[in-house]
Amino acid sequence: MSQLPHTTGLGFKPEHFHAIMAQPGAVGFFEVHAENYMGDGGAPHAMLTALRADHALSLHGVGLSIGGAQGLNPAHLDRLRQLIDRYQPESFSEHLAWSSHGAAWLNDLLPLPYTQETLTTICTHIDQVQDRLGCRMLLENPATYVTFEQSTWSETDFLTEITRRTGCGLLLDINNVFVSATNHRFDARAYLAAFPLTAVGEIHLAGHDTEDLPSGPLLIDSHGAPVADPVWALYALVLEQTGPLPTLIEWDTDVPDFATLLTEAARAKAALARAKGRQSRAA
């Protein structure tokens, strides 16, 4: 499902390339968005080739539209297969979302109703992805801002059933859990208690923005701020149950210098060390 080391990783930003090369071993793995490397060559591939020589790699897709009603784009799948053959990443992941309809590309990760129809569609698409890519994928839980009256499954039951039917793993984005829980006024801890943690192969942590509305706070999954304290608390809660898992710090907008990202990664690394200590004492 995922062969990433059980330590901390960072999303790769080209502006940090020289700092990364000057500090080998500072980060356990890097994650890149697959769609940024679908050209044939140039500076992006030169940097990724150098990065891959010394680091584990997580390939994170944002363009498959797995939840879309139409079939998957075979050309996009072929490009993903070429990337996987070229870089042999330790993990491939995508999102529980849709982003295209017909010939229209909507450049966003849009929410789905959790119904029998969408469950069947998503499982069919995941089977196609895993068959074409020749690997087990991880599916990421979404941050959402709307819910659907048509939904007949809870999100956690929906994800559990997807893993049962397809054999895929899950990428647990804990900031997404906190954002959705705040926006929809449910208990994030209860959500995590129902989440199929045994299927989790990677964790994402990120920052969010807050808008104060008359109805209460609205959180935006911005990836442009430090991880918030309530998200760190939920992360610790998850690690108490799972033990150490590969953990990525996502920071994609208003990107700070590499040293700031290392500080965030160090905080996650300390939590992983505590989880490993508990695991050793219990053995």
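Two strands are taken as paired if DSSP finds at least two bridges between them. I note at the outset that the model I examined is predicted.

**Entry 1: a pair of strands.** I looked up strand β3 (residues 56-60) and strand β4 (residues 91-95), and I found 3 bridges joining them. The two strands run parallel. I then asked which residue of β4 is the bridge partner of S58. The partner is S91.

**Entry 2: the barrel.** I followed the pairing further and recorded that 8 strands close into a barrel, with parallel pairing. The order I wrote down is β1-β2-β3-β4-β7-β8-β9-β12. On average, neighbouring strands of this sheet are turned by 30 degrees against each other, direction ignored.

**Entry 3: a helix across strands.** I turned next to helix α9 (residues 258-282) and asked which strands it lies across. They are β1 (8-11), β2 (29-33), β9 (200-206) and β12 (247-250). Relative to β1, helix α9 runs at about 150 degrees.

**Entry 4: two helices.** I reminded myself that two packed helices are described by the angle between their axes and the distance between the axes. For helix α3 (residues 74-87) and helix α4 (residues 116-133), I noted that the axes come within 9 Å and cross at roughly 45 degrees. That angle makes α3 oblique to α4. The crossing of α3 past α4 is right-handed.

I then listed the residues that meet: L77, D78, L80, R81 and I84 in α3, and V129, R132 and L133 in α4. In this contact of α3 with α4, I recorded 5 nonpolar residues, 3 charged residues and no polar ones.

Key: Residues are numbered from 1 along each chain as its sequence is written. This is a predicted model: local features need pLDDT of at least 70, side-chain atom pairs count only at pLDDT 80 or more; totals for chains, interfaces and linings use all residues. Side-chain values use heavy atoms; hydrogens and water are left out. Axes are lines fitted to C-alpha atoms, for helices over the stretch in contact, and angles run from 0 to 180 degrees between N-to-C directions. Helices (H or I, at least four residues) and strands (E, at least two) are DSSP runs, numbered from the N terminus. Angles under 35 degrees count as roughly parallel, over 145 as roughly antiparallel, 65 to 115 as roughly perpendicular and the rest as oblique. A crossing is left-handed if the near helix is turned anticlockwise from the far one by less than a right angle, and right-handed if clockwise. Contact means heavy atoms within 4.5 Å. Ala, Val, Leu, Ile, Met, Phe, Trp, Tyr, Cys and Pro count as nonpolar, Asp, Glu, Lys and Arg as charged, and the others, Gly among them, as polar.
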